[in-house]
Amino acid sequence: MSKHSTPQFILQRLLAAIPSAIGVIIVSFIMTRMLPGDPAAFFAGASATPEAIAQVQETLGLNKSWIEQFFIYIGELIRGNLGVSLTTGQTVIYDLVTRLPASLELTLAGVLFAFIIAVPLGILAALKPNSWLDHLSRFITTAGVSLPTFFTGLLLVYIFYFLLGIVPAPVGRLDLLSSPPEHFTGFYLLDSLIRGDFNLFVIAFQHLILPAITLGIFALAPLARITRASMITILGSDFIRLAKSNGLSPEKILFTYAFRNALLPIITTMGVVFSFLLGANILVEKVFAWPGIGSYAVEALINSDYAPVQGFVLTMAFLYIFLNLAIDILYGIIDPRAGF
Amino acid sequence: MKEMQPKTTQETLLAVDRLSVEFATRRGTVRALENVSFDLKAGEIVGIVGESGSGKSVLAFATMGILDRAGKITSGRILFDNIDLLQIKRSQLRQKRGKELSMIFQNPRAALNPIRKIGRQIEDVLQAHANLPPKQRRERVLELLSLVRISDPSRRYNAYPYELSGGMCQRVTIALALACSPRLAIADEPTTGLDVTTQAAVMDLIVDLAAQTHMATLLITHDLELAAQYCDRLVVMHAGHIVETAKTSDLFQHPRHPYTAKLIAATPDPEKDLAHLIPIPGNLPDLRGELPFCRFRDRCDRASSQCDTVPLERKLVGNNHQVACHNHF
Amino acid sequence: MNNILEVNNLKKFFPTQNRVFNGFGKKPPSHLLHAVDNVSFSLASGESLGLVGESGCGKSTLVRLITRLIDPTEGEIWFAGENIARIPAQKAARHGMRSQIQLVFQDPHDSLNPRFTAFDSIAEPLKRLGNISQSDRLQNRVEELADRVGLSQTLLTRFPHQISGGQKARVGIARAIALNPKLLILDEPTSALDVSVQAIILRLLADLRETLGMSYLFVSHDLNVVRLLCDRVVVMYLGKIVEMGNTNALFRQPLHPYTKALIAAIPHPNSRHSAVNLKGEPRSPIDPDPHVCRFYGRCFKEAKQCHQTMPLLQSKESDRFVACHFPEI
Amino acid sequence: MKRRDLFKTGTSFAAGFALAGALKGCGSPSGTEKAATTASTGDEEVILTVVQGGGFPNSLDLHRPGTNRPGYGSSWNLYDRLMTFDTKTRPDGSLSYDYTQLKPELAESWETEEGKSITFSLRKDAIFHDGKPVTANDVKWSFDRAVSVGGFPTFQMKAGALEKPEQFVVIDDYTFQVKLLRPDKLTAIDLAVPIPLIINSELVKEHITEDDPWGMEWVNNNDAGGGAFELESFEPGKKLVLTRFDDWKSGPLPQIEKVILLDVPEAGNRRALLEKGDVDINFSLSEKDTKELKETEKYAIVSTPIENCLYSVDLNTKEELTGKPNPFADVKVRQAVAYAMPYQAIFDTALYGEAVKQFDAKSTKVNSTEWPQPSPYKTDMEQAKASLSLSNYPDGFETTLAFDLGTKEWAEPLSVLIQESLAEIGIKVALEKVPSANFRSVLVEKSRPMIINNFGGWLNYPDYFFFYAYHGQDATFNGSSYQNPEMDKLIETALKSEPGKEDYEKSVQEFIQMAWDEVPRIPIVQPYLSIAMQKNIEGYQYWFHRQLDFRQLKKV
Amino acid sequence: MTISIRQTRYILQENTLTLVAFLMFLSLIFLAIFGNAIAPYDPLETNSAIALSPPSLQHWFGTDQLGRDILSRAIVATRLDLGIAIAAVFLSFFIGSILGVLAGYWGGWIDNIVGRAIDTIMAFPLFVLAMGIVAALGNTVENIIYATAIINLPLYARVIRSEVLIIKKAGYIEAAKLSGNGDWRIMARYLFPNALPVMMVHISLNMGWAILNAAGLSFIGLGVRPPTPEWGIMVAEGATYIISGEWWLAMFPGLSLMFAVFCFNLLGDGLRDSFDPRKKT
């Protein structure tokens, strides 16, 4: 079988993603135009006369036909212009660039939390399937995925902030007095370390705990489940038997042999979980006043603010495409068979 | 049939003594092995033959101490070099595995870690047992690869299992098994799934290397003909029992157990035509629940009431020829 | 004797895909795997023809071509006076030849719908192609078929997972003969079975051929088994026929080095070593060089000529064909 | 200056229109909440932190189209205007702005040439945040901008007869003149509202482009002001930080040195922040939180009835809606509904008693011009049934009640209670939640049979309220689309007159009476603007724009 | 064709958690059917006198801001929530299965078109897509169902497609062709039924997810209309009361929601285990 070079592979994957990207653009355009309410009526101000509204419509280009609007939109898109958010008053690009890192940081932290809890649980469960430990882990993770994130979030805030007071107030990424670190990655944890501001790191970390846990709890089940299943499969496979019969140490068998193989489906699931959480953190962002793109999109959607919704959807679509690409590449690194 | 110089010494290397293994399953306990005893002398090649479900592989796994979680050894001893493998510590057992006794699997491709270079896999074994500096370890790996007749070892060192053919993979697992020059290798259906022509080459390789290193070999196979070709002695299993053991030629010329006789009669060989191919009636009994003392009873045309009521004893019926049957030939 | 089946210059090339699975992705430009390459042979009415070769030699592809499950790249398949190669596989389900060519599958388990009872499976062709709609007639016919293949009627209501391998094989055979096909193709019908069951099935097949007057195309990698059932044998290697001839003659004196190796690989209690050991690895079937003998690289006879000219299948004596520059004559 | 004189003599309805519009929707506390870090005493910087939900300044430029209500608050503090309003003490002791009294801000003094011009003398010591002195050129540029950019700012300026750049004349660096197109008493007052803020024109001009002659892109996110506070950082939708401008000269230097305004969408979190002492002020309290926090007595809570504002149920009076006959066109139906309103339950459960009742008047006869004043309706199911039986719909009908999702905290329970109550007289109501942004469309379209409205006219006169809510011009806030020439006449009479005059008193009482009889809109309550502060916060004052003026706040 | 009773019993014995889930499932069904009859109070009846009273003997789950009995509301909500979930899951299962079977069995251009469509949906942040659909079409129960169905469609199409890709290689599919079955018959009688067990797992897991999805929509204000009792809305409304100490408003509907989702997840998990090919001996 022919092998392709990595750049070729990436290019090929990106090309393959074009149709769905076009699909996303069209669908999101139509979806936003179908939103009820007239943004012009809202933004012309309360006292606006019909003429004033009409004038705003014209400024916003809303009086043109959908088709015209669509081509104008595409034209702007090609020029890299995603428009201006009427709700925040900023360009959509600016909003996305400032808010995306917040969402990514939160989601990554959530996935990381889930990974740290779920994978060991899954491994333990796989080592002793059908033991009490297995059942307990299944119970816990299933309960986790059964909790609506907004409910979990509120509950955690109530318990850990309101009753116990051991976490900071749910007011976003930092407390009221801190200013964000200089922008390198947009991830406060990283940026604060880069700047060497350990205090700020702690503050950012404390603020990240509850939302990340809220999000992570939701991802425990799929990760623990896939870890357990793939570990059970791998542990029962012939090459583990062979490794045992060759007297390799249990640690070597568990980690170098079993876990690395089991990692492949886990990584796939991580990817699915990540893109799922990236969408699901909308509700978490709302609860924790997290200034991410999720809450941004909700606000825009409710206000029939087209440009941010479209920009958000596009961003997510591209994230999704790149995420899958990254996972395939990661897969290729771990599994030589995947090749390119 | 064949005349061979006895190349075995008389010391017993492996003695399995009244070994019983049970499996817990959803629908009850499977008594997979019951009072199984046999021994193996240093340098000897012994074949364990039987149809699927007869417990051959369980026996191999039990000996290696790598039974599934569901499986449990309920009684018996496994004496390797007069040490009971069931009594020693797990770490001690681990020390012996791969070093003194090792195993060759069926389906070699599945038996290799799919995402680790084969050279590294062999090195892992060396690392576990031989105190060699990395450079020598690598040399030893290359040496082993050429020993199992893999051409261009330094290139193959970096190959992944998926890049090799089935036959090649089996050579690698043989190299793995031989890495520390064990005294016993258990080959579990080593040729199943390989092409006919490759099968022969692999078997030749195993017996050649066994002879070279004076390694005892336990060949587990369902192929009577194959066992006959390569083994000094044969152990015939049926439904978790050993029904007969004998020197290969004795067994073929004078099978004493009805099952052995029928098995031979049912096996196609170049001299038989279809009319002489005699099927064995019935199926293997369900190993759950109540069983008669003789598990072949329901398929046997020599069965008597004794078979239900009197426990089976192994009888010596000739030179090194044992049979477990009340009404043997 | 007129020929029931005649295959002329049949070819099947598969495009090979890039390995990366990209969901619902497109196929990148590909290479061609020559699974069946210019194969011609014929099968006389009432004859039993063996088709032998190792895995990957194109046996299964050939079977799927003849049963019209897949479309050939090129070539003709004449069955009962019609070139059925022209019928698109999509349309074959409704074509008259469908009931005349039936297949017994290699894996009796895999070939039965897990959600159908034995009865359903056997009745399926009768309902679809046999125009038997009345339930009592259907019932009678299925029971008759069950009797014929020795399947207890009580098993007819069972699902595949509730019956043994041998019984599943019988269901598969009953289904295949339900419509009294003229040609029955047997694709390794016993390879998944134990020896004891294998004998039963082989005898059953021999009986059926006699009583129903079918022609057999018997595909197997096991020469021992082919010998028992077949009048003539075709040997394939990497998509090409390398030798063809009367069974006994072919066994007695294989002309092609590969056939020789195959026969030599049959385990033989009398010799500890195989007589012929093939070296190296098979050549790649993907875009093979049309001028190089497919066996080149493994052959013990190879010469420069073998690397320059593809040997053609030539008649050596009456009814003996071989494709080798240096046949053993 | 008598308050009525300011604008009463003019003919301008438009002025009031615009002002009222700017301030419509007498807010339940959906605006800002303020959070202040605890006890910053001693040498520490005095920091006030403000959390806000349900809207956050979306621009620093008040002239930009689409700048939202919270944006008034930020620009109020970042920028100065020429004049501002004085302060008065309300009967309950709380402070409020006093729009009868204008006082200097950037202008030291002004002279009015009746009907022709107003001439302002600017402070000579005032500087912008970047240190540039504030000159008459800046004032002119800013006013030019306000009348030129279109949209709401231009509209608002027009309300004071400020329409053309030519009206604004720079006499010298510190003297600025507004020429009047026509005599309009609203002109002066219109210069004290948020729109005519003074922008650092030199600074902005550095950032203008051909497409953007007024530098909107730049002012949107940057500080071009000279107000008491300057911008430290602005992250839209997250956080706004203001620091005191120590060189501010237009008034006493504020005590607060730093203000942090944060967006916290979750109401519960906002309350928790206050209760944990993490914030000083919870500005936009729900009625429930107001009540409960009052009960704790741990916080200073100020509730001010929002002037001239009502929560009401508007019944559409059009004969047909979307092609179908509209039951509410029948006055008997409207009266039935008015009697069927579960007023007290709404007051208790939906509003937690934190509002001023506008029902169950002592007398059925209107005898005062006070506004708002309670309607004579009270819950009386017998009357309701009787009334309905006299209508064309004696057995009831099905209809919908729409409300603004952004006000759901009180509007939803209110709607549910109404729904339940109306069901008793056979009117089946489906509830429709409309997202805030779209509720504006609902108001404009007037296609819903029944809506929950919360209109407030800024100018504290019944005639103004009625002009927008009942007049046949059918303004956006006439949620009932009520059209009655008689009513129009009465309203117009009152508008032309002034309080104390007989025709005024008479027509006001008459149109109120007419509103009760015809009930196109059923008043429920007059809402409060409530703010909860830690006890160490002082100086809170109610403003017509209903945003916080940080300049007045103190920490003790 | 379906799972036999014996098999069911077997699964249940095997796994106590699944048994528990099954009992939970039965009780949910019971509540959905008889909820209106057994609710102690009228779920819509307000009573301002007892608004916001904590759990008591009269009102086990307490009352809400309008004095409505939360227990009754939570019970009555079962039918709507399950209804939404079942309808949505059925819809996406139905359409997804057809698309998936066609794409998997025929491949080629159908596969490509279906694949692109699915990719497009997948590339959307699914919850936002659901929000957008509901916001655009209006927040009625039907639209919530459509939105939930659309965002779940890819899952079914993909799962069944990959299942079909495996099954179509099975010998019995070739056997079916040899028995004279046409493509449609093979899809309907061989591929689909054999993919069903795996789909059952997803249906069950998806049910839970559909409930959460509907609740999430309610939470951001795009759910069903008031005063219809629905768990998500009740949690969302109750959320504002948590901090002021009236925890029962959000807690009990939240727990009901969790109970239902938990039940379906456990059930799905149990089904997954029992259909696990590795467990078949």
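1. A polar contact here is a pair of N or O atoms within 3.5 Å, where, within protein, one must be able to donate a hydrogen and the other to accept it. Keep that in mind for the E–A interface of this predicted model: the rule finds two residue pairs in polar contact across it, both at pLDDT 80 or more. Salt bridges between chain E and chain A come to zero.

2. Who supplies the chain E side of that interface? Helices H2 (16-38), H4 (108-123), H5 (126-137), H8 (183-219), H9 (231-242) and H10 (248-275) of chain E each put in at least two residues. H10(E) gives the most, with 14 residues. By type, the residues on the side of chain E that touches chain A split into 32 nonpolar, nine polar and nine charged.

3. As for extent, 50 residues of chain E are in contact with 47 residues of chain A. The two chains bury about 4,200 Å² between them, and 76% of that is on carbon and sulfur atoms.

4. On to salt bridges, of which the structure holds 70 over all chains. One of them is C:Arg64 with C:Asp187, with the closest N and O atoms 3.6 Å apart. C:Arg64 sits in helix H1 (residues 59-66) of chain C and C:Asp187 in strand S7 (residues 183-187) of chain C, so this pair ties together parts 123 residues apart in sequence. Both ends are buried: C:Arg64 has a relative accessible area of 16%, and C:Asp187 is at 2%.

5. Have a look at E:Asp119 too. Its side chain meets that of E:Arg116 in a salt bridge (3.4 Å, N to O); the two are three residues apart in helix H4 of chain E, which means about one helical turn separates them. E:Asp119 also forms a salt bridge with E:Arg158, at 3.9 Å, N to O. That second pair links distant parts of the chain, with E:Arg158 in helix H6 (residues 141-167) of chain E, 39 residues from E:Asp119. E:Arg158 counts as partly exposed at 31% relative accessibility, while E:Arg116 is buried at 17% and E:Asp119 is buried at 17%.

6. Last, the strands of chain D. S2 (residues 83-89) and S3 (residues 95-104) pair in the antiparallel sense over seven bridges, and D:Met83 stands opposite D:Pro104. They form a hairpin with five residues between them, and D:Gly93 in the turn has a positive phi of about 95 degrees. S3(D) also runs parallel to strand S22 (residues 541-542) of chain D, joined by two bridges; there D:Leu95 stands opposite D:Gln541.

Methods. Residues numbered from 1 in each chain as written. Chains lettered and ligands numbered in written order. Heavy atoms only, no water. Pairing = 2+ DSSP bridges. Helix = DSSP H or I, 4+ residues; strand = E, 2+ residues; numbered from the N terminus. Contact = heavy atoms within 4.5 Å. Buried area = accessible area lost by both parts, 1.4 Å probe. Salt bridge = Lys/Arg side-chain N within 4 Å of Asp/Glu carboxyl O. Polar contact = N/O pair within 3.5 Å; in protein donor to acceptor, adjacent residues only side chain to side chain. Nonpolar A, V, L, I, M, F, W, Y, C, P; charged D, E, K, R; others polar. Buried < 20%, exposed > 50% of the residue type's maximum accessible area, 1.4 Å probe, protein only.
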